[in-house]
Amino acid sequence: MNSSFSSVFDTGCGCYTDGHAVGSVKRRYCAGDCSHKACRAVGVVADFSEQMLRSLEVTGATTVGLHRSNIVKQAVSILKEKCHIPVIKNHLIRNVKDNGTSAKLYINPTLLLCQSLSLANGVHVMRQTGMRHIFDYETFQIDGVGALRMLLKLVDASGVNVAALQNSRMRKTLPDQLGQLLVNLEEIQQEFGEYPCLREMLDDTKSKSHASCKLNSSQAHVLARCNHMLEAYGSTNLSTSNGTTRCSIG
């Protein structure tokens, strides 16, 4: 890690959250008054590593893993960020109107498979470390308030106005049915033919939790060959026709 958790918290104190109980709790933490149980320091690390987990365990901190169980949909979300098209961003602010355009994606099937295998391996590594508490993204999609209550109970925090989160202006914008977004879904389905676990996630049309995909030795060998492709990709091509923008990736 390039910075300590202390420096992360110091930076966080420079910006208070808006509204309700969460904001007041943060103010108490930054003022050095943490007698209230809900006043807890929380650090978020984007990239999981076993070394980071072990260093946190020494401090006695409660560690919680968060991942998307449908790793194919997560792979699509990661790859499409190269397109830089607002209408297909993962999340937008409520009530913000678009300009009437829509967008479709073409993703190189092998590139999508490689990204999915990489994510599957990452989840496997996380679970192998023995991390006790792991939440998946879909749990929060299905019942955000209920999932957050579970999380707060886990870290022994009380007094947070969970219901206030229902007023959030953030909304998910992309369809759960990938066929509505991908122009080459059938081609991708063929590429995923030897990976039934990933194929099930690709074809999933709802928001639901999935069991982790276990890679066999031959699939792990494919992943090793994928590393160069994941590092090298980056080419995108944009075209617009009849109000629809098409982004081709890889």
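**Exercise 1.** Is C83 buried or exposed? Work it out for this predicted model, then do its disulfide partner.

*Solution.* Start with the cut-off: buried means under 20% relative accessible area. C83 comes in at 4% relative accessibility, so C83 counts as buried. Now the partner: C83 forms a disulfide with C247, with the sulfur atoms 2.0 Å apart. C247 has a relative accessible area of 0%, so C247 is buried too.

**Exercise 2.** Find the handedness of the C83 and C247 link, and say which parts of the chain the pair ties together.

*Solution.* Take the torsion first: about the S-S bond it is about -90°, so this disulfide is left-handed. Next, place the two ends. C83 sits in the loop between α4 (71-80) and β2 (91-93), while C247 is in strand β7 (residues 244-249), so the pair ties together parts 164 residues apart in sequence.

**Exercise 3.** Do the same job for C114 and C226.

*Solution.* The S to S distance of this disulfide is 2.0 Å. Its S-S torsion is -70°, and the link is left-handed. C114 belongs to helix α5 (residues 109-128) and C226 to helix α10 (residues 217-232), so parts 112 residues apart in sequence get tied together. As for accessibility, both cysteines are buried.

**Exercise 4.** Sort C197 and C213 by accessibility, then describe their bond.

*Solution.* C197 has 29% relative accessibility, so C197 counts as partly exposed. C213, at 8%, is buried. Their disulfide has an S to S distance of 1.9 Å, and with -85° about the S-S bond it is left-handed. C197 lies in helix α9 (residues 196-203) and C213 in the loop between α9 and α10, 16 residues apart.

Technical notes:
Residues numbered from 1 in each chain as written. Predicted model: local features only at pLDDT ≥ 70, side-chain atom pairs only at ≥ 80, totals over all residues. Heavy atoms only, no water. Disulfide = S-S within 2.5 Å. Helix = DSSP H or I, 4+ residues; strand = E, 2+ residues; numbered from the N terminus. Buried < 20%, exposed > 50% of the residue type's maximum accessible area, 1.4 Å probe, protein only.
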